[in-house]
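Here are my comments on the model, set out as numbered points. They cover the strand pairing, the backbone geometry and the cysteines.

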Amino acid sequence: ATRIATHTAEDVFVRGRSLCGELIGRVGFTQMIVFQMLGRMPGETETRLVDACLVTLMEHGLTPSALAARLVYSSGPEALQGAVAAGLLGVGSVFVGTIEGCGALLARIVATGEGATEEAARIVEEHRAARRPVPGFGHPTHKPDDPRSIVLLDLARSEGVAGPWVAALELLAEAVDRARGRHVTVNATGAIAAVLGDCGVPPEIMRGFALIARCAGL
């Protein structure tokens, strides 16, 4: 059994809405993504922010996922889906998929309420002790700041979407800078984790949005 979709001889129904009568030609693809994933139709502002996140992640040059797709396609050009699938396997904890890791950390900070500053410092210390980078921070090319992050966070603030998740990212960024003794870039995945969080997307499915965007890019 599923609550997501069903069909009759005359129509298809997605989360209780008629695909032919209410959705096709009436809602955009980004709206449909949020509707199917979260079970609610997003508003105009929320749609614009999620759409901006998807656009941000679609393309970024010769990343591991792009290289994997190209190599597999050269071996089997008759099966485009195989090449795209190979590229999607490269969306992991180091490239693109760090959205999920950062989102989980931001969720911890948001949940602590008044102790958010201390929790951010605790997270940084945990990663330093384990010799692991804090997901969502650092970039080999974009320094001192990631231009994508600046645009996304400014958009979230100007549209009134920025809330506790963006605030948590700011606290975490301050803690990272203090621990390193210098400014560390908040990369695009960090900004996207904060924006999606303020749009109500749970951390455990944030990588799904990254996969959708990267699929189109591949």
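1. Which residue in S2 does Thr6 stand opposite? The partner of Thr6 is Phe13 in S2. Strands here, like helices, are DSSP runs numbered from the N terminus, with at least two residues of type E for a strand and at least four of type H or I for a helix.

2. Before going further, please keep in mind that this is a predicted model, in which local features need pLDDT of at least 70 and side-chain atom pairs count only at pLDDT 80 or more, while totals for chains, interfaces and linings use all residues. Residues are numbered from 1 along each chain as its sequence is written, and side-chain values use heavy atoms, with hydrogens and water left out.

3. The strands S1, S2 and S3 form an open sheet, in that order, with antiparallel pairing. Its edges are strand S1 (5-7) and strand S3 (17-18), each of which pairs on one side only. Between S1 and strand S2 (residues 12-14), which run antiparallel, there are three bridges; two strands are taken to pair if DSSP finds at least two bridges between them. In general, strands of a sheet pair through backbone hydrogen bonds, either parallel or antiparallel.

4. Some backbone geometry deserves a second look, because most residues other than glycine have a negative phi, and most peptide bonds are trans. Arg15, in the loop between S2 and S3, has a positive phi of about 50° although it is not a glycine. Arg131, placed in the loop between H7 and H8, likewise is not a glycine and has a positive phi, of about 55°. With a relative accessible area of 29%, Arg15 is partly exposed, whereas Arg131, at 79%, is exposed; the classes are buried under 20%, exposed over 50% and partly exposed in between, computed with a 1.4 Å probe on protein chains only.

5. The peptide bond from Lys143 to Pro144 is cis, with omega near 0°. Pro144 belongs to the loop between helix H7 (116-129) and helix H8 (147-158).

6. With a disulfide defined as a pair of cysteine sulfur atoms within 2.5 Å, the count comes to zero. Why is Cys199 not bonded to Cys53? The sulfur of Cys199 has its closest cysteine sulfur in Cys53, at 6.7 Å, which is too far for a bond. Cys215 is also in no disulfide, since the nearest cysteine sulfur, that of Cys53, is 18 Å away. As for accessibility, Cys199 counts as buried at 5%, and Cys215 counts as partly exposed at 35%.
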